[in-house]
Amino acid sequence: MALSAKMLLRQGQSLVMTPQLLQAIKLLQYSSVELAAFVEEELERNPLLERAEEGPDPKATGIDALSEAANAEASPPGSGDPGEGDWSEPQLAVSSEGLAESLGTEVENAFDGERDLNPAAEQNKLEALGLSDTAWSGSGGGEASGEAANIEAYIAEQATLADHLATQLSVATNDAIDRMIGLAIIDAIDEAGYLRESAENIAERLGATAERVEKVIALVQTFEPTGIGARDLAECLALQLLEQDRYDPAMQAMIANLPLVARRDFAALRKICGVDDEDLSDMLAEIRRLDPKPGRAFGGSIVQPVAPDVIVRAARDGSWLIELNSEALPRVLVNQTYAATVSRKGVADEDKTFMSQCLQTANWLTKSLEQRARTILKVSTEIVRRQDAFLAQGVEHLRPLNLKNIADAVGLHESTVSRVTSNKYMATPRGLFELKYFFTASIAAHGGGDAHSAEAVRFKIKQMIDAEAPDAILSDDAIVERLKAQDIDIARRTVAKYRESLKIPSSVERRREKQAPSARLA
């Protein structure tokens with residue numbers, strides 16, 4: 001069979017993802033912070049994009065006009081009150097007649113009679129005293145130099161944990177090598193105050209001995225806050241107890257067996273520490289007063305508050321008002337006038353091509369932002385309609401919901417709904433929730449009725465455990481039976497999974513905690 005090259009004409013359909021379509025998909029799943037950063041980049045890159053400034057409120061304008069008219073009637077011309085035009089003049093009158101006319105009084109009444117009104121003479125006097133107007137201009141608000149004063153320069157900088165420890169290190173030792181090792185140790189301390197690098201690694205990196213590094217670590221552990229520089233929780237608590245002179249043999253035994261404290265195995269702790277119930281209760285109370293994260297007092301990275309993308313409010317007729325948060329939506333406009341002006345001028349072909357691309361990108365961005373806002377509002381409206389009982393009555397009435405239900409209702413693909421609900425938040429009378437929160441798994445009803453939401457079942461489990469009596473601790477099997485009595489068909493392993501997700505210990509640990517005399521005394 002001979003091989004030969006041929007040209008064939010074939011017709012077919014395929015989905016082509018253009019760069020604009022790919023960017024629109026990314027734009028849809030951006031959070032409000034990511035979207036604002038993207039728009040800022042586009043504003044810097046595209047000369048045809050402008051930030052849409054909010055226009056004046058008509059109501060506010062009318063109030064301002066009325067107040068100005070009232071002020072004008074209360075202060076007729078010549079009353080001596082300075083008007084807006086007086087301060088906006090580029091130069092004030094310096095002649096006697098001009099000053100007298102603008103002030104509405106004689107010059108002698110407003111100025112010292114001995115003072116010369118000649119600006120040149122006043123300037124000569126200041127220069128003779130070494131006090132020229134240029135020297136005084138720097139002492140004002142910074143307006144003389146053409147730049148406003150930088151208020152941020154006067155704001156106190158928040159001290160970090162590393163700076164606080166470095167200051168103590170400079171006072172604690174004068175040895176240059178120990179200071180270098182100490183700074184390396186401080187750099188390895190995380191925000192919680194724990195040393196996350198071993199002494200051997202620090203010694204190998206700096207070319208020092210492990211013994212000397214351990215010596216400097218012990219020095220750093222004497223700094224404030226107490227417990228800083230510990231390698232684990234046990235060492236952190238031990239450092240704090242040593243400072244309080246409470247690190248006796250019984251307390252050492254308890255610190256060495258922190259897993260038993262976490263499991264609330266008080267019988268084993270009494271045996272290991274050799275104490276009675278009252279002493280064990282006092283020891284547990286002392287441990288609870290210690291700080292497991294001494295470095296958190298200095299804070300860490302600034303936490304950006306979450307801004308809701310959708311706001312839901314109750315209407316007077318019992319319905320819900322859903323609106324987009326205008327503060328979280330960037331507003332951009334396309335400067336068509338500038339684009340037309342540049343096109344009319346005789347510019348090079350490269351410039352025309354660049355402006356054409358900028359115009360196309362700007363129009364696409366404005367349309368994409370509008371489409372994104374409409375899609376978010378459409379999906380949020382459908383979520384509110386389906387979760388109306390949750391907004392009105394609470395978590396117990398949260399209905400099971402999945403992406404397909406919303407996609408079929410609003411006529412979108414499931415992947416589009418998933419992108420819309422990612423990193424988006426809704427402010428409701430019940431609190432601030434991520435849109436993903438309203439999508440929960442379905443748990444069948446025991447009697448074949450309507451299914452229950454997994455989040456609602458998790459809430460019921462927490463309510464049962466919170467209300468249990470110390471002498472009637474509910475096991476997972478008992479919780480299953482109670483849920484079946486409420487027409488909820490659920491397996492025991494599912495109850496255990498939900499309980500662990502809520503950070504609730506097992507029934508054995510809860511019984512030890514609630515029934516032990518030491519726990520009641522603590």
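**Exercise 1. Find the residue in S3 that stands opposite valine 312, then work out how the strands around this pair are arranged.**

Step 1. In this predicted model, look across from valine 312 and you'll land on isoleucine 322 in S3.

Step 2. Now zoom out to the strands. S2 covers residues 310-314 and pairs with S3 in the antiparallel sense, over five bridges.

Step 3. Next, place that pair in its sheet. Four strands make up an open sheet with mixed pairing, and the order reads S3-S2-S5-S6. At the edges sit S3 (320-324) and S6 (431-434), each of which pairs on one side only. On average, neighbouring strands here are turned by 20° against each other, if you ignore direction.

Step 4. Finally, see what lies on top. Helix H19, residues 349-386, lies across S2, S3 and S5 (425-428), and runs at about 160° to S3.

**Exercise 2. Work out which elements give two or more residues to the largest nonpolar core, and which residues touch the most other members.**

Step 1. Start with the residues. The core has 22 of them, and Val312, Ile383, Ile406, Met426 and Phe438 touch the most other members.

Step 2. Move on to the elements. S2, H19, H20 (388-393), H21 (403-410) and H22 (414-421) each give two or more residues. H19 gives the most, with four.

Step 3. Pick one of the well-connected residues and list its partners. Skipping neighbours within four places in sequence, isoleucine 406 is in contact with Val379, Glu382, Ile383, Arg386, Leu401, Val417 and Phe439.

Step 4. Don't stop at one core. Another core, of 20 residues, lies apart from the largest one and includes Ile181, Ile186, Ala203 and Val213.

**Exercise 3. Decide whether serine 475 is buried, partly exposed or exposed, and say where it lies.**

Step 1. Locate it first: serine 475 is in the loop between H23 (454-466) and H24 (476-485).

Step 2. Check the number. Its relative accessible area is 28%. Buried would need under 20% and exposed over 50%, so serine 475 counts as partly exposed.

Step 3. Add a distance. Valine 495 is 20 residues away along the chain, and the C-alpha atoms of the two are separated by 9.9 Å.

**Exercise 4. Put together an overview of the whole protein: what are its helix and strand counts, and how much of it is buried?**

Step 1. Count the elements: 27 helices and eight strands.

Step 2. Turn to burial. Of 522 residues, 31% count as buried.

Step 3. Take the surface. It comes to about 33500 Å², with 52% belonging to carbon and sulfur atoms.

Step 4. Close with contacts. Among those with a separation of 6 or more, 59% link residues 24 or more positions apart.

Definitions and conventions: Residues are numbered from 1 along each chain as its sequence is written. This is a predicted model: local features need pLDDT of at least 70, side-chain atom pairs count only at pLDDT 80 or more; totals for chains, interfaces and linings use all residues. Side-chain values use heavy atoms; hydrogens and water are left out. Buried means under 20% relative accessible area, exposed over 50%, partly exposed in between (1.4 Å probe, protein chains only). Two strands pair if DSSP finds at least two bridges between them. Axes are lines fitted to C-alpha atoms, for helices over the stretch in contact, and angles run from 0 to 180 degrees between N-to-C directions. Contact means heavy atoms within 4.5 Å. A nonpolar core is a set of buried Ala, Val, Leu, Ile, Met, Phe, Trp, Tyr and Cys residues joined through side-chain atoms within 4.5 Å. Accessible areas come from the Shrake-Rupley method with a 1.4 Å probe; for residues, only the protein chains shown count as cover.
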